[in-house]
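Please look through the structure shown below, together with its sequence, before reading on. The paragraphs that follow lead through its bound ligands and the residues around them.

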Amino acid sequence: MIKHVLNIGILAHVDAGKTSLTERLLFETGVIDRLGSVDDGSTQTDSGEIERRRGITIRTAVASFTLGDLRVNLVDTPGHADFVAEVERALGVLDGAVLVLSAVEGVQPHTRVLMKTLRRLRLPTLLFVNKIDRSGAREHDLLADIRRRLAPSCVPLNTVDGIGGRAAVTRPLGDPYAAAEVLAERDDELLELLVDGKTPDHGTVRAALARQCGDGVAHPVLFGSAITGQGLPELLDGVAELFPAVPRAAREGTATGTVFAIERAASGEKVAYVRLRAGVLRAREPLTFYRGQRQSGDGGGNAQAGQVYEGRLTALSVAGAPGEAQAVAGDIVKVWGVPEVRVGDRLGEPGPASQAHFTPPGLETVVRPRVPGQEPRLHAALLALAEQDPLIGTRTLAGGDTSVLLYGEVQKEVIGETLARDFGVEADFEPSRPVYFERPAGTGEAAEEIQRQGRNDFMATVGLRVEPAPRGSGVGYRLEVDLGSLPHAFHRAIEESVRAALREGPHGWPVTDVLVTLTRTGYSSPVTVAADFRGRTRVVLARALRRAGTVVYEPCHRFEAEVPLEAFGPVTAQLAGWGGVLSEAHRRGEAWVLEGEIPAAAVHEVERRLPGLSHGEGVWWSEPSGDRRLK
Ligand SMILES: Nc1nc2c(ncn2[C@@H]2O[C@H](COP(=O)(O)OP(=O)(O)OP(=O)(O)O)[C@@H](O)[C@H]2O)c(=O)[nH]1
Ligand SMILES: [Mg+2]
């Protein structure tokens, strides 16, 4: 009988061994009796064809095992920075995380980005230092590095004999004193014992660690190997004892939860992963889904209003217990039968706007079908992809072309392969370019009158005023004419055309922080049709925008870089070359800490090049900080 459940994310930089560790955990707990391998493309969680061929994780996957009366759902996440949106979605539904490091590569910039986010969310996090069997694996100086650059309150629970070879074995650390010293900082009882010169017993220290781990302020550290299985028993003990398990409660009531991933079944049907927070979920019962306000991916920060829709599941499958007919609070459950569903939607109750933890995409690329005539098919396929991953935004350009918002080149390749494989459309991508946007510089007005004797396509009067609106307000639209002055369908046609036209301003970028006012209208009953207004509105808006003038902005990131002393010159020169502006530089031990602002579009390039510029020692962290005028 399962009494508790734990949903644990496996997070790390690329190739640290997350998928191998997930596989090993399933093997150790008897879920699978043959150990699969990433290198042969035979693991449980890298199940996509592209994942198996490339040996990287692209989509979040869930696998479950049990420890006594505890069910653990492992959420294996991708490590490549291009797929960070997947990790972001998973974070909201986790009870804890295992952050994996490689004993050879150590603390990577992406590890720091993840740890910073985990600490901000106060998510209980255990560090697993993998690959102790590989040559070049380190223990003591890596621990020091972890304390210095990742998290100061670390408590190692095991140690390694013969590190750096296949024979490396782990052994639990017996001395509770060292652990107590770390934990005493936030534990008065332990502090008192230490001050009195007493050594606290194992149980007291373990309980203090569980408390502080649960609060997300102290982090157990375990060494091991996903390949040899060393450290795995300690990891399983740690998971069972140190993470705060959620009671699996079958309390009747409205089922509430969050959709954190979407898959497409072979039939094309959508399958959604939901983490249930409360209530009981069964198939065939009526359900209400809420879509909160979120930033649409057009780079212009246009907010979409909240939406509500009804659904009825045709089937469900509880992670770890596929035979069960109902899911209860704490469970992760796969659900079928809701075609509208999107990642981030809430079940049962509206939630706050989902928070962005990582960088929004800074690049976009124009995509075209290789076979002419397949444009509609390509467009539909891209929309379907964007639904699975809300951070893949798409934008329709004036000529009818579609552009896709991107994190980087690997994501682009994967989108290309997915379009071909799952949707049967071969697509070509133009070189990626940064995402910019425009804001009006002033106020501009324009109008066009009905021309009764003129050409018959001038059967509508439209007057528009365009003016700047407060930062972050997106697109505002209001009427200065009576609502009754036009049939409703015409009003709708005008507003839709305004919003569509704003997707591409005079400089070719989306226009934002803009207020558009409808100042004049007229039509000729019954000759005028909605299409007359659509064409007219586009022309009038373009003219008003040109009169107002627009300025192009680029999104920026605030950054902090830590580089070895000798890398100061090359790194600062390169940052300036990418458009970065340094606001502060100070020494921290044997390193320079640089702070400043840099165009978002350059961030991925920095992340790629910094290791080379800093002998692998540089650490980089950045977050969106606003925007600046494009020079
Ligand atoms: N020697 C050794 N190799 C390992 C270990 N764990 C993983 N590997 C290897 O490291 C490579 C990457 O492993 P994965 O499990 O795919 O890493 P990942 O973190 O899931 O990678 P992404 O999902 O693409 O970010 C594979 O070739 C594994 O065989 C380990 O403990 N020891
Ligand atoms: Mg993986």
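How far is an oxygen atom of ligand 1 from an N or O atom in the side chain of Ser 225? In this predicted model, the separation between these two atoms is 3.1 Å. The neighbouring entry in the sequence, Ala 226, takes part through its backbone, of which an N or O atom lies 3.0 Å from an oxygen atom of ligand 1. Taken alone, ligand 1 exposes 650 Å², and the protein buries 90% of that area. A further backbone approach is made by Ala 16, which has a polar backbone atom 3.2 Å from an oxygen atom of ligand 1.

Widening the view to the whole shell, one finds 20 residues surrounding ligand 1, of which Lys 18, Thr 19, Ser 20, Asp 39 and Thr 57 are the closest. By character, the shell divides into eight polar, six nonpolar and six charged residues, and among the contributing elements helix α1 gives the most, with three residues.

Two of those closest residues, Thr 19 and Thr 57, also serve the second ligand, a magnesium ion, which is coordinated by the OG1 atom of each at 2.0 Å. Thr 19 belongs to helix α1 (residues 18–28), whereas Thr 57 sits in the loop between α2 (49–54) and β2 (61–67), so the pair ties together parts of the protein that are 38 residues apart in sequence. Both of these threonines, Thr 19 and Thr 57, are buried.

How values were computed. Residues numbered from 1 in each chain as written. Chains lettered and ligands numbered in written order. Predicted model: local features only at pLDDT ≥ 70, side-chain atom pairs only at ≥ 80, totals over all residues. Heavy atoms only, no water. Donors = N, O, S within 2.8 Å, 3.2 Å for Na, K, Ca; no water. Helix = DSSP H or I, 4+ residues; strand = E, 2+ residues; numbered from the N terminus. Buried < 20%, exposed > 50% of the residue type's maximum accessible area, 1.4 Å probe, protein only. Near = heavy atom within 4 Å. Polar contact = N/O pair within 3.5 Å; in protein donor to acceptor, adjacent residues only side chain to side chain. Areas by Shrake-Rupley, 256 points an atom, 1.4 Å probe, with all protein chains shown as cover. Nonpolar A, V, L, I, M, F, W, Y, C, P; charged D, E, K, R; others polar.
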